[in-house]
Amino acid sequence: MNLGALVDSSFLALPLAERQALVREAIDAGVTHFATADHVSFHTGLGFDGLIFASFIASLDDRAQVVVGVYLLALRHPVLVARQLASFAEVAPGRLTLGVGIGGEDPHEFEVCGVNPKVRARRTDEMLKALSLLMTGESVSYKCEDFAFHEARMRPAPSPRVPIVIGGRSEAALRRAGRFSDGWLGIWTRPDQFRGKVRAVESHACEAGRESVDWRHGYQPWVCVDENESRARERLARRMQSVYRMPFERFEAYAPFGSAERVADALRAYAEQGCAYLNVMNVADSPAESLKGIMRLCEKMA
């Protein structure tokens, strides 16, 4: 299984030399990729542009692979996103995977972007269709209820193509993954549920006439690596409750904490159910400690 580190703005706020050294150390220790989330204006106004953060990370080391997990595609216009992807592919070809989700934890985030949160699923589907055409480099015209454009062309077309994975747990998300993606990116799912959801995605793909997909299914867990189990739980609970504004008990079954060995055992169960890669958010006192905890997981899962 490929083990990646989900990093946030605190990591990118470090001095450049420290960021570079940490990324080199992590890659040398077996961390296969880095992941970043995406929000325009979440709850209190906090946010971070997933593709901009991804480009920062890719610039730190030529070996750095990056996953955006997940990008709120419905908040953007497809022509602008197509140019961002094409530009990224020009400077770091083959090093980006774009995860896409519909969000929804904070409807106001959509409202401030001028998007009706009730149509975010439909708009995301239309965005995915439009992007697949724009990424060919050919002249494209497109019209739907949510946007329209005429004779747009994005050159050079990304080569290799930027893979797209779809996040979300609902049946609609699984259908979307089957119709449009290279894989499903799970969250808040037990290992025993993971394989069933993957099979549903692949079944939806067959129904859509996509029978030869080189699938790349992943999972995105929050964890806390700390030998002191009670301290690990308290730290993880505090952080997750501040982000999601829900009791930690809602997440506890999906968010392992404790020693590196205990957390590694919990994550290894996903590999046994068909998970190819993990984007791990390790809650710690500092960005450096967060990455070092993931390095310890690499050692335990090797």
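A salt bridge is a side-chain nitrogen of Lys or Arg within 4 Å of a carboxyl oxygen of Asp or Glu, and helices are DSSP runs of at least four residues, numbered from the N terminus. With these two terms in hand, the briefing below looks at a predicted model, in which 20 salt bridges are found and in which the largest nonpolar core has 92 residues. The points that follow take the interior, one helix, the charged pairs and a contrast between sequence and space in turn.

**The nonpolar interior**

- Within the largest nonpolar core, the residues with the most contacts are Phe 11, Phe 34, Leu 98, Phe 149, Leu 236 and Leu 297.
- If neighbours within four places in sequence are left aside, Leu 236 is in contact with Trp 222, Val 223, Cys 224, Phe 248, Ala 255, Pro 256, Phe 257 and Val 283.
- A second core, separate from the largest one, is made of five residues, and Leu 72, Ala 74, Leu 75 and Val 115 are among them.

**Helix 3 and its surroundings**

- Helix 3 covers residues 50-58, and its buried residues are Gly 50, Leu 51, Phe 53, Ala 54, Ile 57 and Ala 58.
- When the helix is seen down its axis, these buried residues fall within an arc of 160°, so they line one face of helix 3.
- The elements against which the buried residues of helix 3 pack are helix 1 (9-12), strand 2 (33-36), strand 4 (46-48), strand 5 (66-72), helix 4 (78-91) and strand 6 (96-101).
- At the N-terminal end of helix 3, Asp 49 acts as a cap, with a side-chain oxygen that lies 3.1 Å from the backbone nitrogen of Leu 51.

**Charged pairs**

- As a general point, side chains of opposite charge can pair when their charged atoms come close.
- Arg 262 and Glu 229 form a salt bridge in which the closest N and O atoms are 3.6 Å apart; this pair links distant parts of the chain, since Arg 262 belongs to helix 10 (residues 260-271) and Glu 229 to helix 9 (residues 229-244), 33 residues apart.
- Arg 262 has a relative accessibility of 37% and counts as partly exposed, and Glu 229 is likewise partly exposed, with a relative accessible area of 40%.
- Arg 233 and Glu 249 also meet through their side chains in a salt bridge, at 3.4 Å from N to O, and they too link distant parts of the chain, with Arg 233 in helix 9 and Glu 249 in the loop between helix 9 and strand 13 (257-258), 16 residues apart.
- In this pair Arg 233 is partly exposed, with a relative accessible area of 27%, whereas Glu 249, at 54% relative accessibility, counts as exposed, because exposed means over 50%.
- The side chains of Arg 268 and Asp 265 meet in a salt bridge at 2.6 Å, N to O, and because these residues are three residues apart in helix 10, about one helical turn separates them.
- Arg 268 counts as partly exposed at 28% relative accessibility, and Asp 265 is partly exposed with a relative accessible area of 44%.
- Elsewhere, Asp 226, Arg 231, Arg 235 and Asp 285 are joined into one network by salt bridges that share partners.

**Sequence and space**

- Leu 16 is found in helix 2 (residues 16-28), where it counts as partly exposed at 46% relative accessibility.
- Although Leu 16 and Leu 60 are 44 residues apart in sequence, they are 8.3 Å apart in space, C-alpha to C-alpha.

Conventions. Residues are numbered from 1 along each chain as its sequence is written. This is a predicted model: local features need pLDDT of at least 70, side-chain atom pairs count only at pLDDT 80 or more; totals for chains, interfaces and linings use all residues. Side-chain values use heavy atoms; hydrogens and water are left out. A nonpolar core is a set of buried Ala, Val, Leu, Ile, Met, Phe, Trp, Tyr and Cys residues joined through side-chain atoms within 4.5 Å. Buried means under 20% relative accessible area, exposed over 50%, partly exposed in between (1.4 Å probe, protein chains only). Contact means heavy atoms within 4.5 Å. Helices (H or I, at least four residues) and strands (E, at least two) are DSSP runs, numbered from the N terminus. The arc is that of the directions from the helix axis to the C-beta atoms. A polar contact is a pair of N or O atoms within 3.5 Å; within protein, one must be able to donate a hydrogen and the other to accept it, and residues adjacent in sequence count only if both atoms are side-chain atoms.
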